[in-house]
Each structure stands twice: as C-alpha cells, then as structure tokens.
Amino acid sequence: MTINLRCIVALAAMLSALPAFAAEQIKVVERPVGETTVDLGAKGDSVGDMLVFANGVFDAANKTQVGSDQGYCVRTIVGKSWECFWTLTLKAGQITVEGPFMDEGDSLFSVTGGTGKYAGAKGSMKLHPRDAKSSSYDFTYDLL
C-alpha cells in the first residue's frame with residue numbers, strides 16, 4: 001500500500017507541474033494572399049500537389065493585423081480536399097492545427113498544440129469562407 005500511495009503522490013506532483021490551460025475562443029480572419037501551389041503530380045490539380053502559404057491574420061472585424069499563419073497542405077482528393085498543417089502566431093504564443101481543408105464550405109481542424117500562453121492547447125478550429133471567392137476566411141479556435 002505504501003508504494004501505491006507514493007506513486008499517487010508522485011503522479012499528483014507531476015500533474016500539478018504541468019502548465020494550466022484555460023478554455024478560450026479566438027476569432028480571427030485570414031487573408032490568403034501569400035499562397036503558392038506546387039504542381040508535383042500529374043499536370044494540373046492532382047493528388048500530391050502542395051499548397052504552401054504564409055498570410056496575415058486579422059482581428060474578427062478584419063481591420064487590424066494581430067498575427068500571421070504559415071503552413072502547407074497536400075492535395076488528397078482532387079476537387080474535394082487537402083490535408084493541411086499550419087501554425088498561427090499571435091503575440092501571446094503559437095497554436096498548431098491539422099486536418100482536411102475542403103474545397104467548398106466549412107472545414108474543421110484539430111488543435112494539436114501550442115506555445116507561450118497556448119502551451120498544451122487542444123480543441124478545434126473551424127474555417128469558414130467569408131465569400132464565394134475565398135478572399136478571406138473566418139477562423140474560430142475553440143481551445144479546451
């Protein structure tokens with residue numbers, strides 16, 4: 001019994017040392033102006049092509065730049081989706097996301113981590129096109 005109690009105390013001490021992360025919702029707007037598609041497969045849109053980007057990110061009103069994002073996507077289903085990974089950089093830290101970017105409509109990504117204020121971040125990020133031309137996107141991060 002003594003060993004089990006020691007293990008529990010040690011585990012509790014380790015868990016209390018982990019950074020505490022409070023739930024938070026962050027809403028920003030991305031303006032995709034720094035994108036390049038790299039044609040790696042068959043000529044034209046094909047499986048394996050890459051989309052690489054670095055863009056400014058603005059407040060929810062789309063007025064003031066509050067950070068940036070950068071990452072890449074690999075075409076997985078022609079005319080339907082890409083598999084993406086990127087990092088959002090804000091003044092308080094970074095948040096990483098991963099998941100499928102749909103050619104049409106909304107996309108839902110997993111928050112896979114963070115740094116600074118966002119260390120240990122988990123949750124989801126919803127991407128919503130603001131118009132039919134995809135000239136900007138609403139990003140809603142729901143952090144746990």
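Begin by selecting Val 28, which stands opposite Phe 139 in strand S9. The model on screen is a predicted one. Keep Val 28 selected and turn to its other partner: in strand S3, Val 28 has Asp 59 as its bridge partner.

**The strands around Val 28**

Next, display S1 together with S9. These two strands pair in the antiparallel sense over 7 bridges. Then add S3 to the view; S1 and S3 also pair in the antiparallel sense, over 4 bridges.

**Along S9: Thr 140 and Tyr 141**

Move to Thr 140, which is placed in strand S9. Is Thr 140 buried or exposed? Its relative accessible area is 18%, and because the cut-off for buried is under 20%, Thr 140 counts as buried. Show the surroundings of Thr 140: setting aside neighbours within four places in sequence, the residues in contact with Thr 140 are Gln 25, Ile 26, Lys 27, Ser 124, Met 125 and Lys 126.

Now select Tyr 141. Not counting residues up to four places away in sequence, Tyr 141 touches Glu 24, Gln 25, Ile 26, Val 28, Trp 86, Leu 88, Ile 95, Val 97, Val 111, Ser 124 and Met 125. Val 28, where the tour began, is thus among the residues that Tyr 141 touches.

**The largest nonpolar core**

Which residues touch the most other members of the largest nonpolar core? They are Trp 86 and Tyr 141, in a core of 24 residues. To see where this core is drawn from, colour the strands that give two or more residues to it: S1 (24–31), S3 (50–59), S5 (81–90), S6 (93–102), S7 (107–114), S8 (123–129) and S9 (137–143). The most is given by S5, with 5 residues. In soluble globular proteins, nonpolar side chains tend to be buried together.

**A nonpolar patch on the surface**

Switch to a surface representation and select Val 38, Leu 40, Val 52 and Tyr 72, which make a nonpolar surface patch of about 310 Å². Of these, Val 52 lies in strand S3. Val 52 counts as partly exposed, at 31% relative accessibility.

**The whole chain**

Finally, zoom out. The secondary structure comprises 1 helix and 9 strands, in the pattern α-β-β-β-β-β-β-β-β-β along the sequence. Of the 144 residues in the chain, 33% are buried. The chain exposes about 8,500 Å², of which carbon and sulfur atoms supply 60%. Among contacts between residues at least 6 apart in sequence, 39% join residues at least 24 apart.

How values were computed
Residues are numbered from 1 along each chain as its sequence is written. This is a predicted model: local features need pLDDT of at least 70, side-chain atom pairs count only at pLDDT 80 or more; totals for chains, interfaces and linings use all residues. Side-chain values use heavy atoms; hydrogens and water are left out. A nonpolar core is a set of buried Ala, Val, Leu, Ile, Met, Phe, Trp, Tyr and Cys residues joined through side-chain atoms within 4.5 Å. Buried means under 20% relative accessible area, exposed over 50%, partly exposed in between (1.4 Å probe, protein chains only). Contact means heavy atoms within 4.5 Å. Two strands pair if DSSP finds at least two bridges between them. Patches are made of residues with over 30% relative accessible area and no salt bridge: like charges are joined within 9 Å, nonpolar side chains (Val, Leu, Ile, Met, Phe, Trp, Tyr) within 5 Å. Accessible areas come from the Shrake-Rupley method with a 1.4 Å probe; for residues, only the protein chains shown count as cover. A salt bridge is a side-chain nitrogen of Lys or Arg within 4 Å of a carboxyl oxygen of Asp or Glu.
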